[in-house]
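Hi everyone, thanks for making time for this. Have the sequence and the viewer open side by side, and I'll walk you through what I found.

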There are 2 protein chains.
Amino acid sequence: MTDSPTSSAPTDIRGPRLHGVYDALRAAVLSGEIRPGEGISETRVAARYGVSRTPVREAFRRLADEGFLRIVPQVGTFVAPIQLGAVSDSQFIRETLECRTVRLAAERAAAADVASLTRLLDSHRAVMSPDRHSEFFALDEATHAELARIAGRPAVWDLLVAVKAQLDRVRFLSLHSEGWAAKIVGEHQSIVDRVAARDPDGAEEAMRAHLRTVFAAVDEIARTNSHFFET
Amino acid sequence: MTDSPTSSAPTDIRGPRLHGVYDALRAAVLSGEIRPGEGISETRVAARYGVSRTPVREAFRRLADEGFLRIVPQVGTFVAPIQLGAVSDSQFIRETLECRTVRLAAERAAAADVASLTRLLDSHRAVMSPDRHSEFFALDEATHAELARIAGRPAVWDLLVAVKAQLDRVRFLSLHSEGWAAKIVGEHQSIVDRVAARDPDGAEEAMRAHLRTVFAAVDEIARTNSHFFET
DNA sequence: GATGGCATACTAGTATGCAAGTTGCCGCGA
DNA sequence: TCGCGGCAACTTGCATACTAGTATGCCATC
């Protein structure tokens, strides 16, 4: 038993089998390929992916912790319905934390930070066409992550990634309307402008407006897809 | 190891074996019975608790997700050092969310809510003697949870319970000084007073002052126990 | 004596068999 | 036709055997 503490950094490099199953299932639930209420079984998933039940069990476990699955002992495992209450809580938590971090970012941003944000915005504008949706989404996330980094709180974004999960499930339910991408990028531009101007109040307000746009879309989707939800 | 501060809020009714191992290990890490850097193995833990490796593995994985353990594949599992960065992030997140919720609580509190808070304060005063430390701790938590409930955001407290984990590890390292309990209860009283007065600004300020007190204690403990920490 | 390579003893990851429990179908009887 | 009892087929939880990879200490070699 070595008492040597923590010599190696890489902690999350579990077996590729686990990650493969986990990623595939997560994507399937997020995209709606497997629908809320649908039952899945360890045995069937294991057979389908050509692995044993053990890594599947761990993937199930993890997804259940994230709120994607509901494991009922001796009965089965089911895709969890999207809980409107959980979505609302996600919104609240996200708005509270991101408004605070963007304020900090505006106070601390160096020239290099502003340049980095501007680069992200340029990349973002380059992928606004509907067929590059996944790239657009990734850059959206990257922008928010960068703001957290500039604020000196990268871990806050890590937390939000987990909290946002239920929100993202809703987002995946809809193809966004025509002007959506432009609207998002425009709001990001406003935020970056206020950060560049070292204007905390303005940055917070711009962020709040941005998130309210996103949340409004989520509510709209929830209304038009009520069969996926649970009060 | 009496009662862990929060025995894992999630509503998970899995087998008793898993929970037994999980609770025991969590308490052992939190209390410092197993020290940071120390290695533990699935096999030995399984033998010690008279179960197989499977439930132990699940407990390990969960504890690793919470930041208590670090699993290094093919090498071993170790108690994670307390990361000062993670503690700082916990503080930041807690302050941000709790200041917001207490503000909401002050806006929404009904007479019954104030009465409930007052009851909690009375109970709290009754367990201020040092030999009732665990009861004092539980009531501290209950008060914060109640504030979140009044704010209409009970889930925020659930999140904070997880986020606070690293903070609690630090707290367990020290026996509190003489006037500590009185100081805490006094600050809670101030918060409740401002909530009862429907004064959001005052409530937020009182909460901020309270958390700063707690955080200052954490920093002090971190300084005097630096061997448990990792920068 | 210092050093490089190899055997050994550990680790976690995976596979699989068994146990305990629930659900739902299906046949039987009223 | 309706209701009920029992069985069968599923589920996950747990135990155990096996695989693959790593750290370590011994031993031969220089």
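Before I point at any residue, one definition: a helix here is a DSSP run of H or I with at least four residues, a strand is a run of E with at least two, and both are numbered from the N terminus. Please also keep in mind that this is a predicted model.

With that in hand, let's start with Tyr49(B), which sits in helix H2 of chain B. Is Tyr49(B) buried, partly exposed or exposed? Its relative accessible area is 32%, and because partly exposed covers the range between 20% and 50%, Tyr49(B) counts as partly exposed. If we set aside the neighbours within four places in sequence, Tyr49(B) is in contact with Val21(B) and Ala24(B). To give you a sense of scale, Glu141(B) is 92 residues away from Tyr49(B) in sequence, and the two C-alpha atoms are 30 Å apart in space.

Now let me zoom out to chain A. Chain A contains ten helices and five strands. Its C-alpha trace spans about 60 × 55 × 30 Å along the principal axes. There are 231 residues in chain A, and 48% of them count as buried. For those of you who like contact maps: take the contacts in chain A with a separation of 6 or more, and 73% of them are between residues 24 or more positions apart.

On the surface side, chain A exposes about 11,000 Å², with carbon and sulfur atoms supplying 54% of that area. As for charge, chain A carries 29 positive and 32 negative side chains, and the centres of those two sets lie 3 Å apart.

Next, the DNA. How many residues surround DNA strand C? The count is 23, and the closest are Ser52(A), Thr54(A), Arg44(B), Arg53(B) and Arg57(B). Looking from the DNA side, sugar and phosphate make up 60% of the strand C atoms that come within 4 Å of the protein.

Let's go through some individual atom pairs, since I know you'll want distances. Arg53 turns up in both chains. In chain A, a polar side-chain atom of Arg53(A) lies 3.4 Å from a base oxygen of DNA strand C. In chain B, a polar side-chain atom of Arg53(B) is 2.8 Å from a base oxygen of that strand. Arg57(B) meets the backbone of the DNA instead: one of its polar side-chain atoms is 2.6 Å from a phosphate oxygen of strand C.

Which elements give two or more residues to the surface near DNA strand C? From chain A they are helix H1 (16-31) and helix H3 (53-65), and from chain B they are helix H2 (42-49), helix H3 (53-65) and strand S3 (76-79). H3(A) gives the most, with three residues.

Helix H3 of chain B also holds Glu58(B). The side chain of Glu58(B) makes a polar contact of 2.8 Å with the side chain of Arg61(A), so this one is a link between the two chains. Glu58(B) counts as buried, at 12% relative accessibility.

Staying close to the DNA-facing part of the sequence, have a look at Val51(A). Val51(A) belongs to the loop between helix H2 (42-49) and H3 of chain A. Its relative accessible area is 18%, and because the cut-off for buried is under 20%, Val51(A) counts as buried. Val21(A) is 30 residues from Val51(A) in sequence, with 8.9 Å between the C-alpha atoms.

Two backbone angles are worth a click as well. Gln74(B) is not a glycine, yet it has a positive phi of about 65°. You'll find Gln74(B) in the loop between strand S2 (69-72) and S3 of chain B, and it counts as exposed at 83% relative accessibility. Arg198(B), again not a glycine, has a positive phi of about 50°. Arg198(B) lies in the loop between helix H9 (180-196) and helix H10 (200-224) of chain B, and it is partly exposed, with a relative accessible area of 40%.

Last stop: Ala182(B), in helix H9 of chain B. Ala182(B) counts as partly exposed, at 43% relative accessibility. Along the chain, Ala182(B) and Arg125(B) are 57 residues apart, while their C-alpha atoms are separated by 8.0 Å.

That's my tour, and I'm happy to take questions.

Definitions and conventions. Residues are numbered from 1 along each chain as its sequence is written. Chains are lettered from A and ligands numbered from 1 in the order in which they are written. This is a predicted model: local features need pLDDT of at least 70, side-chain atom pairs count only at pLDDT 80 or more; totals for chains, interfaces and linings use all residues. Side-chain values use heavy atoms; hydrogens and water are left out. Buried means under 20% relative accessible area, exposed over 50%, partly exposed in between (1.4 Å probe, protein chains only). Contact means heavy atoms within 4.5 Å. Accessible areas come from the Shrake-Rupley method with a 1.4 Å probe; for residues, only the protein chains shown count as cover. Lys and Arg count as positive and Asp and Glu as negative; His and the chain ends are not counted. The place of a charge is taken as NZ of Lys, CZ of Arg, CG of Asp or CD of Glu. A residue is near a molecule or strand if one of its heavy atoms lies within 4 Å of it. A polar contact is a pair of N or O atoms within 3.5 Å; within protein, one must be able to donate a hydrogen and the other to accept it, and residues adjacent in sequence count only if both atoms are side-chain atoms.
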